[in-house]
Structure formats: structure tokens, C-alpha cells
Amino acid sequence: MTKIYPNSPTSQSPALDIAVDSEPSSFTVWRKSLLFNCSGFTVFDAKGELVFRVDNYSFSKRTEIVLMDAGGKSVFTVRRKRLTLVDHWRIFEGEEAALRRRFSARKHLTLLPSKVLAHVTPCGREKGPIYCVEGSFSHRSCVVYDELRRPVLEIRRKEAIGGVAFGGDVFRLIVQPGFDSGLAMAIVILLDQMFGSRTAPIRG
């Protein structure tokens with residue numbers, strides 16, 4: 001069976017501004033739960049170790065998705081805001097008993113051609129940068145920029161290995177030094193819910 005975890009990030013996209021003395025982290029995202037009859041995500045690091053997972057059991061809660069670490073501990077919870085005209089989501093950090101609202105995300109809507117997909121902003125009294133997502137999630141080609149237009153993460157197609165090509169359910173996540181890889185994966189979940197209908201969004 002072809003291994004799906006990352007190749008070494010030897011060749012970098014021109015969109016990424018990599019410091020000479022630091023390297024980005026490379027992850028392989030598999031849009032599949034390792035548990036039977038569950039939908040979700042499984043995320044491996046560059047060594048092939050499991051680092052994150054999403055296992056959605058309930059079919060009634062379609063507005064909440066929990067990102068867990070390899071041990072099953074909640075890292076981020078993504079919730080859709082009710083009664084809104086556009087896709088509006090919130091990202092919470094921590095365990096269920098002590099969730100802290102961190103970010104709000106909105107799908108970008110415009111009648112004009114635009115490469116912008118979504119905006120991610122701090123919630124309430126939280127202070128931090130505003131992130132802009134650009135590209136095409138359906139083609140697995142996205143870059144997330146901070147307020148200074150510095151790329152913080154990128155979504156890319158997974159390179160073929162041994163002549164075996166991967167479909168859209170297996171792709172790479174490149175995270176720049178200093179950016180939270182858990183938050184990066186939470187943004188992937190958001191994009192999948194906003195734009196992933198062509199490949200069937202997570203039932204959760």
C-alpha cells in the first residue's frame with residue numbers, strides 16, 4: 001500500500017517566504033477517519049506519526065466539529081454560528097468544559113471575480129492578526145496570509161509517489177514556523193465545510 005504521509009518539503013512554492021535558518025512543518029492530511037463508519041480527518045507529520053484527527057460520530061450535530069490530538073484530547077472546536085445569511089464559524093480552543101473562543105471565520109462573498117475565500121479574525125477581546133485565505137480549496141491550492149501579507153500556511157496537492165497519484169482526499173499542509181499547526185488544521189476544517197461540497201462535507 002502506498003504511504004500517504006509527507007514527502008520532505010524540499011521544493012517550496014514561490015508563495016512561501018521561508019527564512020534561511022528555519023523550515024516549515026509539513027503534514028499530510030487524509031480526509032478520512034481511522035474509525036469505522038465515521039467521517040473526519042487523519043493528519044500525519046513528516047515522520048508518518050499521527051498528530052491530529054477528527055472522528056465525527058453524531059449525525060445530528062451538523063454545526064460542530066472537534067479537532068483532537070493523537071491521544072484524543074480536544075485541541076480546537078469549530079462551530080457554525082446559527083441564523084446567519086453567510087457561512088460564519090467560530091473557533092474555540094481547549095476541552096469541552098473550558099472552551100475559549102479564539103477566532104471567527106466568514107466565507108468571502110462577492111459578485112466580482114476574487115481569489116479570496118474567507119477571512120479569519122480574533123473574537124471579542126482576543127488580540128491578534130487577521131488572516132485572509134486565498135486560492136482554490138477544491139483544487140487543494142490555498143495560501144493563508146497574515147495582515148502583512150506574509151504566508152503562514154499553504155494547502156497543496158499531494159505529490160505522486162511511485163507513479164501513484166493521490167486524489168483530493170489526500171493533500172499537504174505546509175505550516176510556517178511560529179504558526180500554530182492546530183489552528184492551521186482548524187482552518188482546513190473550515191474550508192472543507194465552506195467549499196468541500198464537491199467532495200462531500202464531513203457529516204458531523
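These exercises work through aromatic rings, charges over rings and strand pairing in a predicted model.

**Exercise 1. Classify the pair Phe 103 and Tyr 131, and place it in the fold.**

Step 1. Start with the count: the structure holds three aromatic pairs.

Step 2. Take the geometry. The ring centres of Phe 103 and Tyr 131 lie 6.3 Å apart, with the planes at 50°. Rings pair if their centres lie within 6.5 Å. Planes under 30 degrees apart would be stacked, and over 60 edge-to-face; the rest are tilted. The pair is therefore tilted.

Step 3. Locate both residues. Phe 103 is in strand S7 (residues 100–107), and Tyr 131 is in strand S9 (residues 131–136). The pair therefore ties together parts that are 28 residues apart in sequence.

Step 4. Check burial. Both Phe 103 and Tyr 131 are buried.

Step 5. Look for further rings. Ring pairs join Phe 103, Tyr 131 and Phe 179 in a cluster.

**Exercise 2. Do the same for Phe 137 and Phe 171.**

Step 1. Here the centres are 6.2 Å apart and the planes stand at 85°, so the pair of Phe 137 and Phe 171 is edge-to-face.

Step 2. Phe 137 lies in the loop between S9 and strand S10 (141–145), while Phe 171 belongs to strand S12 (residues 170–175). The parts tied together are thus 34 residues apart in sequence.

Step 3. Buried means under 20% relative accessible area. Phe 137 has 2% relative accessibility, so Phe 137 counts as buried. Phe 171 has 0%, so Phe 171 counts as buried.

Step 4. Add the charge. The charged end of Arg 140 sits over the ring of Phe 137, 4.3 Å from the ring centre.

**Exercise 3. Which ring does the charged end of Arg 79 sit over, and how do strands S5, S6 and S7 pair?**

Step 1. Find the ring. The charged end of Arg 79 sits over Phe 92, at 4.9 Å from the centre of that ring.

Step 2. Pair S5 with S6. Strand S5 (residues 74–80) and strand S6 (residues 88–93) run in the antiparallel sense over five bridges. The bridge partner of Arg 79 in S6 is Arg 90.

Step 3. Pair S6 with S7. These strands also pair in the antiparallel sense, over six bridges. Phe 92 has Arg 101 as its bridge partner in S7.

Step 4. Inspect the turn. S6 and S7 form a hairpin, with six residues between them. Gly 94 sits in that turn and has a positive phi of about 105°.

Definitions and conventions
Residues numbered from 1 in each chain as written. Predicted model: local features only at pLDDT ≥ 70, side-chain atom pairs only at ≥ 80, totals over all residues. Heavy atoms only, no water. Phe/Tyr/Trp six-rings, centres within 6.5 Å; stacked < 30°, edge-to-face > 60°. Helix = DSSP H or I, 4+ residues; strand = E, 2+ residues; numbered from the N terminus. Buried < 20%, exposed > 50% of the residue type's maximum accessible area, 1.4 Å probe, protein only. Lys NZ or Arg CZ within 6 Å of the ring centre and 35° of its normal. Pairing = 2+ DSSP bridges.
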